[in-house]
Amino acid sequence: MAAVGTMAAMGPLPAMGALPPLPTLGVPGVPELKPLTRYEAMRLGPGWSHSCHAMLYAPNPGMLFGRIPLRYAVLMQMRFDGLLGFPGGFVDRRYWSLEDGLNRVLGLGLGCVRLTEADYLCSHLTEGPHRVVAHFYARQLTLEELHTIEISAVHSRDHGMEVMGMVRVPLYTQKDRMGGLPNFLANSFVGTAKFQLLFALKILNMVPEEKLAEAVAATQRPKKAAIDHGGGAAGHHHRAGNELARAGNELGERAEHPGLVHAGAEQHLVGLEGQGLGEAEALEQHMGLGADAMAEQAVAEGME
């Protein structure tokens, strides 16, 4: 099922009369990029470069830990330079249409998907010294089709070279207000990829705008470890040990008693808060993990 965005319906020719204003992102903390129609983009002179990227996604009825709705599976890539981005690349307009050039690049990285003009979502002028217009496409698939693409990508020519692997974007936010989408947005993205992700999630009504704003705002707050002055290094080790113990016990009880009510499990874990520093350090030595790694592992599993 093709995802036709607001701008895609405008077609290759401008409509008669006044055009409606193009949609914007409107999320505080994220700089706006100048939108333009496909027709305007195609009229840009030869001094402009054109990049085309695509977001492949599918409705996902799954529940994380049996209680957190996943809602959608959205694919992105870990690139060779350690940055996150969408499949795609630059298209030489002298030889290729936008879609033909995009499909050529997708064939190298994914191997089994072809997009059309019906999948076109938006175009934006990028910031910086280079004159680049970024075109973005979105295609809704079934979860089975998306999984097939993930498998195919492993066998593509670019896998392990220009593309380190595919990743799914977590669209939920956990109880600590950082786990899930906020932590994902705190990563480094290439070019316009972060803007395009947020724009598509908004335009396609995949995440409410207020939730996007909350996720972005969470990434801009100082991290708790940087502002926590209570207890110094000893307190940090103590807290990390406790959190690791809580996470380990939750995993153990979940494996032994899959139907256990979470409220009862949390009540059972309260006594772990009083563990001493010596026990936390012993846990750290036994597991071979630093305090930071233990804290991150515990938070990732323990928060909803």
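**Reading the labels on this model**

Me: Why does Asn205 count as exposed?

Reply: The relative accessibility of Asn205 is 66%, and a residue is called exposed over 50%, buried under 20% and partly exposed in between, using a 1.4 Å probe and protein chains only. Asn205 therefore falls in the exposed class, because 66% is over 50%. This residue is found in the loop between α5 and α6, where the names refer to helices (H or I, at least four residues) and strands (E, at least two) taken as DSSP runs and numbered from the N terminus. Its phi is near 55°, a positive value in a residue other than glycine.

Me: What kind of model are we reading, and what rules apply to its values?

Reply: It is a predicted model, in which local features need pLDDT of at least 70 and side-chain atom pairs count only at pLDDT 80 or more, whereas totals for chains, interfaces and linings use all residues. Residues are numbered from 1 along each chain as its sequence is written, and side-chain values use heavy atoms, with hydrogens and water left out.

Me: Why is Phe65 called partly exposed?

Reply: Phe65 has 25% relative accessibility, which lies between the two cut-offs given above, so it counts as partly exposed. Phe65 is found in the loop between β2 and β3, and its phi, like that of Asn205, is near 55°.

Me: What makes β2 a partner of other strands, and which strands are they?

Reply: Two strands pair if DSSP finds at least two bridges between them. Strand β2 (residues 49-64) is joined to strand β7 (residues 132-140) by 9 bridges, and these two run parallel. It is also joined by 4 bridges to strand β5 (residues 88-91), running antiparallel, and by 6 bridges to strand β3 (residues 68-79), again in the antiparallel sense. Each of these counts reaches the required two, so each is a pairing. In terms of single residues, Leu56 stands opposite Arg139 in β7, His50 has Val91 as its bridge partner in β5, and Met63 has Pro69 in β3. The strands β2 and β3 form a hairpin with 3 residues between them, and Phe65 is in the turn.

Me: How do you know that Arg139 is buried, and what does its side chain contact?

Reply: Arg139 has a relative accessible area of 15%, so it falls under the cut-off for buried residues. Its side chain makes a polar contact with the side chain of Asp119 at 2.8 Å. The label fits because a polar contact is a pair of N or O atoms within 3.5 Å, where, within protein, one must be able to donate a hydrogen and the other to accept it, and residues adjacent in sequence count only if both atoms are side-chain atoms.

Me: How many aromatic pairs does the structure hold, and what makes one edge-to-face?

Reply: There are 5 aromatic pairs. In one of them, Phe86 and Phe136 have their centres 4.9 Å apart and an angle of 65° between their planes. Rings of Phe, Tyr and Trp (its six-membered ring) pair if their centres lie within 6.5 Å, and planes under 30 degrees apart count as stacked, over 60 as edge-to-face and the rest as tilted, so this pair is edge-to-face. Phe86 lies in the loop between β4 (84-85) and β5 while Phe136 lies in strand β7, and the pair therefore ties together parts that are 50 residues apart in sequence. Both Phe86 and Phe136 are buried.

Me: Why is the pair of Phe195 and Phe199 called stacked?

Reply: The centres are 5.9 Å apart and the planes differ by 20°, so the angle is on the stacked side of the cut-off. Both residues lie in helix α5 (residues 193-203), 4 residues apart, about one turn of the helix. Phe195, at 6%, and Phe199, at 1%, are both buried. The helix as a whole is mostly covered, with 10 of its 11 residues buried.

Me: What makes a set of residues a nonpolar core, and which members touch the most others in the largest one?

Reply: A nonpolar core is a set of buried Ala, Val, Leu, Ile, Met, Phe, Trp, Tyr and Cys residues joined through side-chain atoms within 4.5 Å. The largest has 34 residues, of which Met55, Met76 and Leu197 touch the most other members. Helix α5 gives the most to this core, with 8 residues.
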